[in-house]
Amino acid sequence: MAEARIDKWMWAVRIFKTRTIAAEACKKGRVTINGALVKAARMVKPGDVIQVKKPPITYSFKVLQAIEKRIGAKLVPEMMENVTTPDQYELLEMSKISGFIDRARGTGRPTKKDRRNLEEFTTPEFMDDFDFEFDFDSED
């Protein structure tokens, strides 16, 4: 039966961009196989269910084939099956939506609307039709 290291497998099926990041996730306790925390050297075999925590959600993948060589993105569905529950994706949607709503005013970069309001506020209204010539000679 074919087996592969968990860090190599996660990199090969494009769960993580690099093998180093995959190994780091194992070290930080973000990866479990069948519910047990694993080290990067742990072997996976077809049938294993791998859970990867990428906050705010936990992805679940079922191993269909154990591979250690990186493959094209089109071949990924033959190597693994995404068994992540729909409620996890709802969490992701909620966090995306709340990320925009909960931005406190004054934090981060101003929006275009904020900038326009600020420019309108700071630009004097009568700048163009104001005459700067003063008559200092008259002693009233």
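1. M10 is a convenient place to begin reading this predicted model, since apart from residues up to four places away in sequence, M10 touches I15, F16, A22, C26, V31 and V52. M10 also belongs to the group of residues with the most contacts inside the largest nonpolar core, a group that further includes I6, W9, I15 and I50.

2. That core has 29 residues, and at least two of its residues come from each of α1 (6-12), α2 (19-27), β2 (31-33), β5 (49-54), β6 (57-63) and α3 (76-79). In soluble globular proteins, nonpolar side chains tend to be buried together.

3. Five strands form an open sheet in the order β3-β2-β5-β6-β7, and their pairing is antiparallel. The edges are taken by β3 (36-37) and β7 (80-82), each of which pairs on one side only. Within the sheet, β5 and β6 are joined in the antiparallel sense over six bridges, and K54 stands opposite I57 in β6.

4. D48 deserves a separate look, as this residue lies in the loop between β4 (43-44) and β5. With a relative accessible area of 5%, D48 falls under the 20% cut-off and is therefore classed as buried. Leaving aside residues up to four places away in sequence, D48 touches I33, N34, R42, M43, F61, K62 and V63. Its side chain makes a polar contact with the side chain of N34 at 3.4 Å, and the side chains of D48 and K45 meet in a salt bridge (3.9 Å, N to O). K45, in contrast to the buried D48, is partly exposed at 32% relative accessibility.

5. The count of salt bridges comes to five. One of them joins the side chains of D7 and R19 (3.1 Å, N to O), and this pair links distant parts of the chain, with D7 in helix α1 and R19 in helix α2, twelve residues apart. D7 counts as buried at 2% relative accessibility, whereas R19, at 35%, counts as partly exposed. Both residues also take part, together with R5, in a network of salt bridges.

6. A further salt bridge is found between the side chains of E119 and R115 (3.3 Å, N to O). Here both partners lie in helix α5 (residues 112-122), four residues apart, which is about one turn of the helix. E119 is partly exposed, with a relative accessible area of 43%, and R115 is likewise partly exposed, with a value of 38%.

Key:
Residues are numbered from 1 along each chain as its sequence is written. This is a predicted model: local features need pLDDT of at least 70, side-chain atom pairs count only at pLDDT 80 or more; totals for chains, interfaces and linings use all residues. Side-chain values use heavy atoms; hydrogens and water are left out. A nonpolar core is a set of buried Ala, Val, Leu, Ile, Met, Phe, Trp, Tyr and Cys residues joined through side-chain atoms within 4.5 Å. Buried means under 20% relative accessible area, exposed over 50%, partly exposed in between (1.4 Å probe, protein chains only). Contact means heavy atoms within 4.5 Å. Two strands pair if DSSP finds at least two bridges between them. A polar contact is a pair of N or O atoms within 3.5 Å; within protein, one must be able to donate a hydrogen and the other to accept it, and residues adjacent in sequence count only if both atoms are side-chain atoms. A salt bridge is a side-chain nitrogen of Lys or Arg within 4 Å of a carboxyl oxygen of Asp or Glu.
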